Amino acid sequence: MKIISLFSGAGGLDLGLIQAGNTVIWANDIDKDAVATYKENIGDHIVCEDIKNIDISTLPDADVVVGGFPCQGFSQANRLRTLEDDRNQLHRFFYNTIKIKQPKYFIAENVKGILSLGKGEAIKQIVADFEAAGYITSVNLVNMANYGVPQTRQRVIIIGQRVDLGEELRFVFPQPTHSKNGELQKWVSIKEAIDHFPDPDEENNVLNHIYSAYKVEYRNFTGHRETDPDKPSPTVLARGNGKGGVCAIPHYNGKRRLTIRESASVQTFPEDFHFVGTMNSCYRQIGNAVPVMFARKLGTELMRFYLFLMNMKLVMEN
């Protein structure tokens with residue numbers, strides 16, 4: 001499937017979709033370091049530009065549009081037209097791209113908190129807007145640990161399918177493969193994911209295997225809680241505005257923070273994926289990403305549609 005990717009960041013979502021066999025034909029992000037990382041590892045089809053300067057009509061036609069949009073403008077959500085809130089210009093660009101380009105599907109990723117904004121009115125408005133644009137829309141709360149990602153990361157995945165597509169092309173959301181209680185495969189622990197890396201304080205040739213000197217002090221606060229080696233990692237974090245210090249999970253040895261490479265492995269990036277930029281920037285790129293392993297599962301479902309459509313085309317030709 002041909003994909004347009006908005007707010008691509010370093011490309012976790014895109015890489016997973018590509019690994020499944022799809023093609024990202026155009027991508028965009030405003031962060032120059034994230035774009036440099038994307039270009040080095042994925043491809044030159046990404047544009048570094050403020051999205052409000054992009055003319056939607058110039059975008060290529062695609063089967064799918066993907067991306068994660070900020071939702072600050074929904075914090076005071078009500079039944080008014082929140083699309084018009086100035087703080088929602090990025091969401092509005094995503095929405096307008098869907099409305100104008102009319103892809104077969106869209107995939108939007110957001111934080112869990114979007115479900116409770118405005119006492120639930122925000123997500124109702126978002127769904128209503130996408131449905132008005134011509135899409136059957138589903139909202140899915142996902143714990144990435146349930147899909148083999150070594151991290152208890154909860155995110156909302158919004159799936160849209162154009163109303164004219166037949167039942168045989170209905171997007172079936174991937175089923176969990178792992179569970180906490182062992183009913184399925186056991187959750188993957190952080191130790192299983194990163195214990196093979198050498199000590200970063202000793203000489204090694206591992207990409208991005210450096211860590212923040214930010215002291216480990218355990219407090220009952222996100223990013224400062226003790227990491228259990230036998231459980232998935234807490235959510236890998238990011239300070240989206242790039243301000244403030246490095247945000248990195250404590251290593252389970254209690255002596256330091258996770259390295260950039262270890263954080264990337266918790267997000268299931270390949271070990272040869274090189275992050276570009278300052279330490280703060282690299283941690284932020286990783287924290288903002290969709291885990292590659294989960295993205296590949298979404299991409300596999302898109303490939304199922306592609307193969308179905310190709311088979312239908314062959315039948316018609318014969």
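**Exercise 1. Decide whether Cys-48 and Cys-282 are buried, partly exposed or exposed in this predicted model.**

Start with Cys-48: its relative accessibility is 38%. Buried means under 20% and exposed over 50%, so Cys-48 counts as partly exposed. Now take Cys-282, where the relative accessible area is 2%. That value falls under the 20% cut-off, so Cys-282 is buried. To round off the cysteines, check for disulfides: the structure holds zero.

**Exercise 2. Place Cys-48 in the sheet, and work out how the strands around it are arranged.**

Begin with the partner: Cys-48 lies in S3, and Asp-29 stands opposite it. Next, look at the two strands. S2, residues 23-29, is joined to S3 by three bridges, and the two run parallel.

Then step back to the whole sheet. It is open, has seven strands with mixed pairing, and follows the order S3-S2-S1-S4-S5-S7-S6. Its edge strands are S3 (46-48) and S6 (135-143), each of which pairs on one side only. On average, neighbouring strands are turned by 15° against each other, direction ignored.

**Exercise 3. Find which strands helices H1 and H3 touch or lie across, and how each helix is directed relative to S4.**

Take H1 first, which spans residues 12-19 and packs on the sheet. H1 touches S1 (2-6), S2 and S4 (64-67), and its direction makes about 145° with that of S4.

Move on to H3, residues 89-101. This helix lies across S1, S4, S5 (105-111) and S6. Relative to S4, H3 runs at about 175°.

**Exercise 4. Describe how H3 packs with H4, from angle to side chains.**

First, the geometry: H3 and H4 (residues 121-132) pack at about 25°, and their axes are 10 Å apart. Angles under 35 degrees count as roughly parallel, so that is the label for this pair of helices, H3 and H4. The crossing of H3 past H4 is right-handed.

Last, list the residues that make the contact. H3 supplies His-91, Phe-94, Tyr-95 and Ile-98, while H4 supplies Ile-126, Asp-129 and Phe-130.

**Exercise 5. Characterise the surroundings of Ser-263.**

Locate the residue first: Ser-263 is found in helix H6, which covers residues 260-266. Then read its accessibility. The relative accessible area of Ser-263 is 3%, so this serine is buried. Finally, leave aside neighbours within four places in sequence; Ser-263 is then in contact with Val-236, Leu-258, Tyr-283 and Ile-286.

Methods:
Residues are numbered from 1 along each chain as its sequence is written. This is a predicted model: local features need pLDDT of at least 70, side-chain atom pairs count only at pLDDT 80 or more; totals for chains, interfaces and linings use all residues. Side-chain values use heavy atoms; hydrogens and water are left out. A disulfide is a pair of cysteine sulfur atoms within 2.5 Å. Buried means under 20% relative accessible area, exposed over 50%, partly exposed in between (1.4 Å probe, protein chains only). Helices (H or I, at least four residues) and strands (E, at least two) are DSSP runs, numbered from the N terminus. Contact means heavy atoms within 4.5 Å. Two strands pair if DSSP finds at least two bridges between them. Axes are lines fitted to C-alpha atoms, for helices over the stretch in contact, and angles run from 0 to 180 degrees between N-to-C directions. Angles under 35 degrees count as roughly parallel, over 145 as roughly antiparallel, 65 to 115 as roughly perpendicular and the rest as oblique. A crossing is left-handed if the near helix is turned anticlockwise from the far one by less than a right angle, and right-handed if clockwise.
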